[in-house]
Amino acid sequence: MAVIHQSSSDTRRSARILRLCCAFATSVFAGALATQPAASADFYLGKTLNVVIGYSAGGGYDLYARVLAKHLGKHIPGNPTVVPLNMVGAGSLRAANYVYSVAPKDGTVIGTFSRSVAIAPLISSAPFDARKFTWLGSITNDVSVCVTWNTSPIKSWDDMMSRQFVAGGEGAGSDPDIFALLYKNVLGAKVKLVSGYPGTNDITLAMERGEVDGLCGISWSTIKSRHADWISGKKINVPVQVAMHKDPELPGIPLALDLVKGAEQTQIVKLFVATQVLARPFAAPPGLPADRQAILRTAFDETLKDPDFLAEAAKLGLDINPITGSSIDTLLGEIYATPTDVVAKAAAAIAE
């Protein structure tokens, strides 16, 4: 092997060249890092970020979105003004379609809509692929329940199986409609669905007036935050709950998964149970620039750790159990891998 000898002067010269190259590379790299936040801050500076809410004012989705909007802007470079806007229709599918197809794809619009939007393209004609939304995360996971007013004869699951339960709904693809039809067409409950209410808050008012017995697919967290007097005053009955595990506050209420008979019913019900993880989801349009996707996801995560946000959420009785945007991406990948025959039977189950 040939050995190359290098003089001490050559060694010193090589070392100087190496130091200069490293310094130049470090300077370029640092400059690139410094440029990115500045550009992002410049983009949002003086702008308005709209939060599209797929439900009418006064309901659970609306409350969670407005509390988030109040604190989100300070965690975005440039501190844009954050404005919540209600866009009702089709059980929040109108808002989902708007965010997916119409809204600017520049990071100035985000939206919140039904957790069932995750499976809407699989089981209905929803014209989007839920996997392509820029998911920011969910404020919490949740338990959904059926509730009836205290004057209703429907007080338990056995009553739902033996008496007509007039349930309020919002439209095809909404949680109240999906779960009412699921109980009717899969588990055999005697449900009569009266659909077309603008939002959950409108259905609950109809329930209190006696127009309907109650509704299904309402979040237990919504009841605790918006209607705590229902619980303390024993104004409602809770016949069934939907989640992977029982809520500790509802130990005597059966899970939907406890009521299934056979493997086929289990597979169908599990498809809908999976969406409970996405209790309060927020998403931006598809195709968002990578830097703004990162900014919005980081801002969402930081807001949910903000002491001021947490204090307000606690005061309002909001559950905070964050799910990250990347976790939603993973979950949707699993949901979309559901066998096609199961999906077809699930779709048929919630068709009136």
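## A loop between strand 2 and helix 3

A90 sits in the loop that runs between strand 2 and helix 3 (93-102). This is a predicted model, and this loop is a pleasant place to start looking around it. The phi of A90 is near 55°, a positive value in a residue other than glycine. With a relative accessible area of 40%, A90 is partly exposed.

S92 is found in the loop between strand 2 and helix 3 as well. Here too phi is positive, at about 85°, although S92 is not a glycine. What is the relative accessibility of S92, and is the residue buried or exposed? The value is 0%, so S92 counts as buried.

## The chain as a whole

Stepping back, the protein chain comes to 14 helices and 11 strands. Of its 352 residues, 52% are buried. The accessible surface is about 15,400 Å², and carbon and sulfur atoms account for 58% of that area.

If you like contact maps, here is a figure to keep in mind. Among contacts between residues at least 6 apart in sequence, 78% join residues at least 24 apart.

## Helix 2 against helix 11

Two packed helices are described by the angle between their axes and the distance between the axes. Helix 2 (residues 60-72) packs with helix 11 (residues 290-303) at an angle of about 105°, and their axes are 10 Å apart. Angles of 65 to 115 degrees count as roughly perpendicular, which makes helix 2 roughly perpendicular to helix 11.

Which residues meet in this pairing? From helix 2 come L68, H71 and L72, and from helix 11 come A299, F300 and T303. By class, the contact has four nonpolar residues, two polar ones and no charged ones.

## After helix 2: G73

The loop between helix 2 and strand 2 (81-86) holds G73. Its relative accessible area is 7%, so G73 is buried. Leaving out residues up to four places away in sequence, G73 touches N79, P80 and V82. The C-alpha atoms of G73 and V83 are separated by 9.7 Å, with their positions 10 residues apart along the chain.

## Helix 10 against helix 14

A second helix pair to inspect is helix 10 (residues 262-273) with helix 14 (residues 340-349), which pack at an angle of about 75° with their axes 9 Å apart. That angle makes helix 10 roughly perpendicular to helix 14. On the side of helix 10, the contact is made by E264, Q267, I268, L271 and F272, while helix 14 brings V342, K345 and A346. These residues divide into five nonpolar, one polar and two charged.

## Helix 6 and its ring pair

How many of the 11 residues of helix 6 are buried? Nine are, so helix 6 is largely enclosed by the rest of the structure. The buried residues are D175, P176, D177, I178, F179, A180, L181, L182 and Y183.

Two of these residues carry rings that pair up, and they both lie in helix 6 (residues 175-185): F179 and Y183 are four residues apart, about one turn of the helix. An α-helix has 3.6 residues a turn, so residues three or four places apart point the same way. Both F179 and Y183 are buried.

## Aromatic pairs

A pair of aromatic rings is described by the distance of the centres and the angle of the planes. In this model the count comes to 12 aromatic pairs. One of them joins Y55 and Y61, which are stacked at 4.6 Å centre to centre with 20° between the planes. Both Y55 and Y61 are buried. The pair of F179 and Y183 is tilted, at 6.4 Å centre to centre and 35° between the planes.

Ring pairs also link several residues into a cluster, made up of Y100, F113, F128, F133 and W135.

## L316 in helix 12

Our last stop is L316, in helix 12 (residues 307-316). Its relative accessibility is 30%, so L316 counts as partly exposed. Apart from neighbours within four places in sequence, L316 is in contact with L63, V67 and S225. The C-alpha atoms of L316 and K224 are 8.9 Å apart, although the two residues are 92 residues apart along the chain.

Note on methods. Residues numbered from 1 in each chain as written. Predicted model: local features only at pLDDT ≥ 70, side-chain atom pairs only at ≥ 80, totals over all residues. Heavy atoms only, no water. Axes fitted to C-alpha atoms, helices over the stretch in contact; angles between N-to-C directions. Helix = DSSP H or I, 4+ residues; strand = E, 2+ residues; numbered from the N terminus. Parallel < 35°, antiparallel > 145°, perpendicular 65-115°, else oblique. Contact = heavy atoms within 4.5 Å. Nonpolar A, V, L, I, M, F, W, Y, C, P; charged D, E, K, R; others polar. Buried < 20%, exposed > 50% of the residue type's maximum accessible area, 1.4 Å probe, protein only. Areas by Shrake-Rupley, 256 points an atom, 1.4 Å probe, with all protein chains shown as cover. Phe/Tyr/Trp six-rings, centres within 6.5 Å; stacked < 30°, edge-to-face > 60°.
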